[in-house]
Amino acid sequence: MRKLLIGTAAIALSGCSWMGGSKGHHDYSQYQQHNNYYQGAHQQKDKCCVNGKRLSRWNLEGAVGPEFFLGGDAITDDINAIDNVFANETSLNDAFDEGMRYELGGSYALNPNRKVTVMGSYAEADGDNVSLGTINGDALTGQFSDYQRYGVEVGLRQYFTPTPAPVFGSVRPYVEGKVGAAHVDDIVLTNAQLGGAAYNGGTVRMYESGWVPTAAGMVGVEAPVFKRATLALETGIRYTGVMESDTRDLGPGVPLAGTNNGMESWTVPVQLRGRYRF
């Protein structure tokens, strides 16, 4: 339900924007009015207005798009030195499928070119079949549980001068830096088998759920598609902090203990962002 609500809101924002696509060329002048805000604001007694027109400060935003694992290990080779035991180092990209990310939140304009953003998010990716390594020549295999995280980030977005463009009338590039925290659900190896036979009751607990820090750097291009709505395409890189190793099944002295010393992730989101300004 959480994913459905966030995804629906993000798509609805984008959909409303596209309904007015034919009016997008009018917003270039609106962008220009916003850019001229502080040029005349010092002459006004009411700092919120220029020539009787109020600057739109509050914005509702939503985004949706795929997220790709770029770096980080799901299985590491930092294992105990035990004869005839070998780990199979595996990246997050090989342990999980391409994920999806959903965002919903808002922003506040400090001036016409700079906004503070606060966004809640939910991301998920399906787990793949993996091999932790071998014990006396037999492979310990299974499937990773799904990767799921939700969190919140605060950001600062800087816009640049709008540029005339076909179809939309204008486009406006921007950059944004974000910091925050995310809760990542626990990761377990299911249907665990050693040499084709069930191992440890079929489940090996790998990583504990918990909160980790996040940070992201984004670049995007925004275009006006309706009187008060814009649509943007953005990408960048996001860091998600290290998860805690779960040592209940992979404690000291257990074969392949230490294969769960990873789960620090670097991802690349590609998102369609809708924004409605009040």
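In the protein chain, 74% of the contacts with a separation of 6 or more are made by residues 24 or more positions apart. The model is a predicted one. Its secondary structure consists of four helices and 19 strands. The chain has 278 residues, of which 47% count as buried. About 13,000 Å² of the protein chain is exposed, and 57% of that area comes from carbon and sulfur atoms.

The aromatic residues give some examples of how parts of the chain are linked. Across the whole structure, a search finds nine aromatic pairs. One of them joins F69 and Y147, with 5.4 Å from centre to centre and 85° between the planes. The arrangement is edge-to-face because the angle between the planes is over 60 degrees. F69 belongs to strand 3 (residues 58–71) and Y147 to strand 11 (residues 147–159), so the pair links distant parts of the chain, 78 residues apart. Both F69 and Y147 are buried. These two residues also belong to an aromatic cluster, together with F96 and F144.

Another aromatic pair is made by Y239 and W266, whose centres are 4.9 Å apart and whose planes are at 55°. This pair is tilted, because an angle that is neither under 30 nor over 60 degrees is assigned to that class. Y239 is in strand 18 (residues 229–240), while W266 is in strand 19 (residues 265–277). The pair therefore ties together parts that are 27 residues apart in sequence. W266 counts as partly exposed because its relative accessibility is 36%, a value between the limits of 20% for buried and 50% for exposed.

An aromatic ring also takes part in a contact of another kind. The charged end of R157 is placed over the ring of Y174, at 5.3 Å from the ring centre.

The last site to consider is G72, which lies in the loop between strand 3 and strand 4 (73–75). With a relative accessibility of 24%, G72 counts as partly exposed, because the cut-off for buried is under 20%. Apart from neighbours within four places in sequence, G72 is in contact with S91, L92 and E264. What separates the C-alpha atoms of G72 and T267 along the chain and in space? The two residues are 195 residues apart along the chain, and their C-alpha atoms are separated by 9.0 Å.

Notes:
Residues numbered from 1 in each chain as written. Predicted model: local features only at pLDDT ≥ 70, side-chain atom pairs only at ≥ 80, totals over all residues. Heavy atoms only, no water. Phe/Tyr/Trp six-rings, centres within 6.5 Å; stacked < 30°, edge-to-face > 60°. Helix = DSSP H or I, 4+ residues; strand = E, 2+ residues; numbered from the N terminus. Buried < 20%, exposed > 50% of the residue type's maximum accessible area, 1.4 Å probe, protein only. Lys NZ or Arg CZ within 6 Å of the ring centre and 35° of its normal. Contact = heavy atoms within 4.5 Å. Areas by Shrake-Rupley, 256 points an atom, 1.4 Å probe, with all protein chains shown as cover.
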